[in-house]
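Visitor: Could you teach me how to read the features of a model like this one? I would like the general idea each time, and then the case at hand.

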Amino acid sequence: MANNTLKNAFMAAVLTAVIMMPVFGLQLIRQGVQTHLEPRWDIVGGAAAVVFVFQLIRPWLAAPLKRLKSHMPVLPSAPTKGRKWLILLIIAAAVIWPFFSGRSSVDIATLVLIYVMLGLGLNIVVGFAGLLDLGFVGFYAVGAYTYALLYHWAGWGFWEALPFSGAVSALFGFVLGFPVLRLRGDYLAIVTLGFGEIIRLLLINLNFFTGGPDGISGIPKPTVFGYEMTRRASEEGTQTFHQLMGWTFDNQHMVNYLYLMALVLALVTLFVSTRLIRMPVGRAWEALREDEIACRSLGLNPTRIKLSAFTLGAMFAGFGGAFFAARQGMVNPESFTFIESALILAIVVLGGMGSQIGVILAAILLTVLPEIAREFAEYRMLMFGLVMVLMMMWRPQGLLPMKRPQVELSK
Amino acid sequence: MSETLLKVSGLTMRFGGLLAVDSVGFEVKQDEVFAIIGPNGAGKTTVFNCVGGFYKPTGGEIVMDGKPITGLPSHKVAHHGLVRTFQNVRLFKQLTVLENLLVAQHTQVESRLLPGLLKLKSYRQSEADALQRAAQWLDFMGLREYANREAGNLAYGHQRRLEIARCMITKPRLLMLDEPAAGLNPQEKRDLQHLIDQLRREFGVAVLLIEHDMSLIMGISDRILVMEHGKPITTGTPEQVRNDERVIKAYLGEE
């Protein structure tokens with residue numbers, strides 16, 4: 001037994017050393033125009049030692065970790081009495097919060113809310129309907145570019161373009177869904193993955209239309225009932241928001257405003273998806289996830305039901321994309337790589353498939369943690385992978401597993 | 001004689017070189033219990049799958065109430081009033097018992113998006129009705145107390161009953177049961193026989209069933225089709241079938 005542990009630990013340490021060597025062990029040092037290769041054996045040795053020790057003591061760690069597993073929280077099933085007030089309180093706090101905090105944290109919060117929106121959108125497709133979609137970022141890109149292009153070619157503002165962004169993304173979801181949704185499981189995942197990449201490559205290569213790799217910049221931020229939130233009005237003779245209110249101009253206003261808009265959009269997404277899952281269509285999604293053949297035998301049209309999930313998910317991605325374009329002020333294909341799809345999917349899986357609160361929590365975690373740990377930015381993907389592996393080992397059902405909204409029948 | 005509800009003629013199904021069903025024909029009349037029996041591998045379930053739209057038959061015709069349904073996808077077949085259960089129960093296991101019955105009513109309820117999102121009156125009414133119907137069926141099947149439980153956690157006999165309830169709530173005209181007695185104990189089998197009888201009398205539904213349990217078959221069937229190696233041997237009343245030499249030969253082998 002003890003012998004085995006020792007052997008395991010030794011093997012793990014050797015493997016670590018082998019993996020570490022090219023990554024950390026050989027550092028490139030640049031001095032002027034010259035580049036030196038400097039071996040750093042101390043790092044490799046240290047890492048191997050750490051792994052060795054960890055593997056040695058792992059058997060002793062297993063017991064407390066197991067206990068931890070059984071003590072993780074699960075959402076209470078039935079809505080408790082005070083829940084409505086609690087939700088209102090949280091929303092109120094979220095509304096007031098930006099006025100008492102700094103610019104950068106509000107900015108991060110806005111980003112979190114975009115991911116909440118995307119996570120909830122993908123949750124409809126993956127969590128509710130059980131369709132593994134690896135190209136979700138494609139719809140996000142479509143939404144962002146719809147606004148960017150409408151502004152660039154037709155001079156549309158954010159609020160006019162927002163419904164169109166959602167609609168165009170939904171249309172893309174619908175058109176793609178038609179041929180693709182007869183595929184199942186892995187095949188569907190591969191095809192959607194390809195779709196996401198096609199969208200990105202199209203955006204890069206349709207130079208004349210989308211601006212190619214440079215994208216489109218100078219996209220205006222949302223206006224407040226037609227008043228711009230800039231230092232000076234872009235057109236002569238119009239008032240800006242701060243002039244209207246008689247304030248002095250402050251950048252923070254714009255940041256807060258964007259945050260509040262993101263909050264509204266995220267809340268709308270939350271509300272709609274919460275209602276959807278309690279509606280017949282939501283029940284049909286879940287039933288389809290459970291057993292497609294039984295669904296068909298009962299007269300439910302599987303293609304139609306899957307399409308509705310795919311289209312609605314895409315629509316929310318479109319809204320998120322339009323907002324993203326407005327916040328950044330520019331879009332380029334770089335923002336819509338596969339890693340983004342993976343991140344959104346990770347949010348859904350980490351939160352617990354189908355669990356809305358879980359998805360929100362995961363979105364906060366996966367966006368805020370990397371921002372806090374800026375010094376470790378290089379290790380971000382490493383940490384990310386580690387968290388994923390650990391989650392799947394100890395809590396595969398996610399942070400807060402879904403407790404389906406049950407329709408209760410009184411006895 | 002009552003009218004013909006389902007008419008199958010010359011049904012043939014070929015899987016590559018295997019002729020699974022060879023020109024099978026039968027008729028099911030309104031409120032009749034019609035059984036298909038035969039040794040294992042006789043092609044009974046294949047007939048079921050063809051009628052239910054899960055396979056596209058290689059040849060032959062299936063007519064439901066005067067309308068051809070040959071080769072239609074299964075969800076469209078269901079719209080014609082043909083609903084089936086499965087050999088190994090196919091419930092939505094992680095949904096509650098009640099939700100299983102609600103899903104089955106999908107085509108009857110207000111399932112458009114806007115009325116639901118806005119909680120319009122028509123939507124609330126349709127949901128209340130659906131809940132009401134589900135409750136009635138749960139009472140009928142004696143499953144009321146399990147309403148809020150996950151369907152996968154029910155006892156096997158209860159799962160079978162729930163599957164039949166899930167079919168019945170779609171208001172079918174022909175209920176197709178694929179080995180409904182498999183895995184049931186003697187008491188549950190007697191209950192099943194009683195249930196099928198009751199469904200036919202109270203809801204006027206015709207029943208097409210596959211079964212191995214001979215006492216059940218002989219007890220409730222009006223007519224029986226016997227199959228062997230994909231071919232029909234004979235069709236007749238339980239009395240006729242029991243005394244048919246070819247049937248005895250098929251089951252017991254030649255002397």
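Visitor: Which residue in strand 9 of chain B is the bridge partner of B:Phe34?

Guide: Strands of a sheet pair through backbone hydrogen bonds, either parallel or antiparallel. Here the partner of B:Phe34 in strand 9 of chain B is B:Arg223. Strands (E, at least two residues) and helices (H or I, at least four) are DSSP runs, numbered from the N terminus. Two strands count as paired if DSSP finds at least two bridges between them. Strand 3 (residues 33-37) and strand 9 (residues 223-228) of chain B run parallel and share 4 bridges.

Visitor: Before we go further, what kind of model is this, and how are its parts numbered?

Guide: It is a predicted model, where local features need pLDDT of at least 70 and side-chain atom pairs count only at pLDDT 80 or more, while totals for chains, interfaces and linings use all residues. Residues are numbered from 1 along each chain as its sequence is written, and chains are lettered from A and ligands numbered from 1 in the order in which they are written.

Visitor: Which residue stands opposite B:Phe34 in strand 8 of chain B?

Guide: That residue is B:Leu208. Strand 3 and strand 8 (residues 206-210) of chain B run parallel, joined by 4 bridges.

Visitor: How many bridges join strand 9 to strand 10 of chain B, and in which sense do the strands run?

Guide: Strand 9 and strand 10 (residues 231-236) of chain B are antiparallel, with 5 bridges. One pair to look at is B:Glu228, which faces B:Lys231 of strand 10. The two strands form a hairpin with 2 residues between them, and B:His229 in the turn has a positive phi of about 50°.

Visitor: What is the strand order of the whole open sheet of 6 strands in chain B?

Guide: The order is 6-7-8-3-9-10, and the pairing is mixed. Strand 6 and strand 10 of chain B are at the edges with a single partner strand each, so one side of each has no neighbour in the sheet. On average, neighbouring strands of this sheet are turned by 20° against each other, direction ignored. Helix 1 (residues 44-51) of chain B packs on the sheet, touching strand 3, strand 6, strand 7 (174-178), strand 8 and strand 9, and its direction makes about 145° with that of strand 7 of chain B. For such readings, axes are lines fitted to C-alpha atoms, for helices over the stretch in contact, and angles run from 0 to 180 degrees between N-to-C directions.

Visitor: In what order do the 4 strands of the other open sheet of chain B come?

Guide: In a regular strand the side chains alternate between the two faces of the sheet. This sheet has the order 2-1-4-5, with antiparallel pairing. Strand 2 (18-29) and strand 5 (67-68) of chain B are its edge strands, each pairing on one side only. Strand 1 (residues 4-15) and strand 2 of chain B share 8 bridges, and B:Phe15 has B:Leu18 of strand 2 as its bridge partner. They too make a hairpin, with 2 residues between the strands and a positive phi of about 60° at B:Gly16 in the turn. Strand 1 is also antiparallel to strand 4 of chain B, over 5 bridges, and B:Ser9 stands opposite B:Glu61 there. Strand 4 (residues 59-64) and strand 5 of chain B are joined by 2 bridges, with B:Met64 opposite B:Lys67.

Visitor: How many residues of chain B are in contact with chain A?

Guide: Two residues are in contact if their C-beta atoms, placed from the backbone, lie within 7 Å. By that rule, 31 residues of chain B are in contact with 23 residues of chain A. On the side of chain B that touches chain A, helix 3 of chain B gives the largest share, 5 residues. By class, that side has 14 nonpolar, 12 polar and 5 charged residues. Ala, Val, Leu, Ile, Met, Phe, Trp, Tyr, Cys and Pro count as nonpolar, Asp, Glu, Lys and Arg as charged, and the others, Gly among them, as polar.

Visitor: Where do the domains of chain B lie?

Guide: Domain bounds come from an automatic or database domain assignment. For chain B it gives domain 1 (4-81 + 172-252) and domain 2 (93-155). Their centres, taken over C-alpha atoms, are 29 Å apart.
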